[in-house]
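Please find below a colleague's note on the model under review. The points are numbered for ease of reply.

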Amino acid sequence: MYAGLMGAKQAADERTEAAMNKTARLEDKEEADRCAQTSSLPSFYAEDTPKSALEQWQRLNNDPLFAIKRQEAAARSKIKSNPVQMMQIRKE
């Protein structure tokens, strides 16, 4: 009497598990498709042409924040090269 019910329950569990695995495989496949689509998109850094190098150079040189950081780095290196100022900083 219970053998039939147990077999049906076991078959239902197997079907549920198969369905769950099937959706997981679809998700993995969809994720792989998204990765393939993303990798095929053009990227600023992907092209190593003179035009892209020139464009990158122009972006860096026209960036005001980059100019400020460059000035700060120059001031820092000037202080580091001065032994008197470095001694004062170390004392503090």
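The points that follow treat confidence, fold, surface, the salt bridge and helix packing in turn.

1. Status and confidence. The structure is a predicted model. Its mean pLDDT is 76, and 64% of the residues reach 70 or more. Confidence varies by element: helix α1 (residues 2-40) has the lowest mean pLDDT, 67, while helix α3 (residues 64-81) has the highest, 92.

2. Secondary structure. The protein contains four helices and zero strands. In sequence order, the pattern is α-α-α-α.

3. Burial and surface. Of the 92 residues in the protein, 2% are buried. The exposed surface amounts to about 8,800 Å², and 58% of that area is supplied by carbon and sulfur atoms.

4. Salt bridge. Side chains of opposite charge can pair when their charged atoms come close. The structure holds one salt bridge. It joins R59 to E55, with the closest N and O atoms 2.8 Å apart, a separation that lies within the 4 Å cut-off for a salt bridge. Both R59 and E55 belong to helix α2 (residues 50-61), where they are four residues apart, about one turn of the helix. As for the surroundings of the acidic partner, E55 has a relative accessible area of 31% and is therefore partly exposed, as this value falls between the 20% and 50% limits.

5. Packing of α3 and α4. Helix α3 packs against helix α4 (residues 83-91) at an angle of about 90°, and their axes are 5 Å apart. The two helices are therefore roughly perpendicular, since the angle falls in the range from 65 to 115 degrees. On the α3 side, the contact involves I79, K80 and S81; on the α4 side, these residues meet P83, Q85, M86 and I89.

Methods. Residues numbered from 1 in each chain as written. Predicted model: local features only at pLDDT ≥ 70, side-chain atom pairs only at ≥ 80, totals over all residues. Heavy atoms only, no water. pLDDT = per-residue confidence, 0-100. Buried < 20%, exposed > 50% of the residue type's maximum accessible area, 1.4 Å probe, protein only. Areas by Shrake-Rupley, 256 points an atom, 1.4 Å probe, with all protein chains shown as cover. Salt bridge = Lys/Arg side-chain N within 4 Å of Asp/Glu carboxyl O. Axes fitted to C-alpha atoms, helices over the stretch in contact; angles between N-to-C directions. Parallel < 35°, antiparallel > 145°, perpendicular 65-115°, else oblique. Contact = heavy atoms within 4.5 Å.
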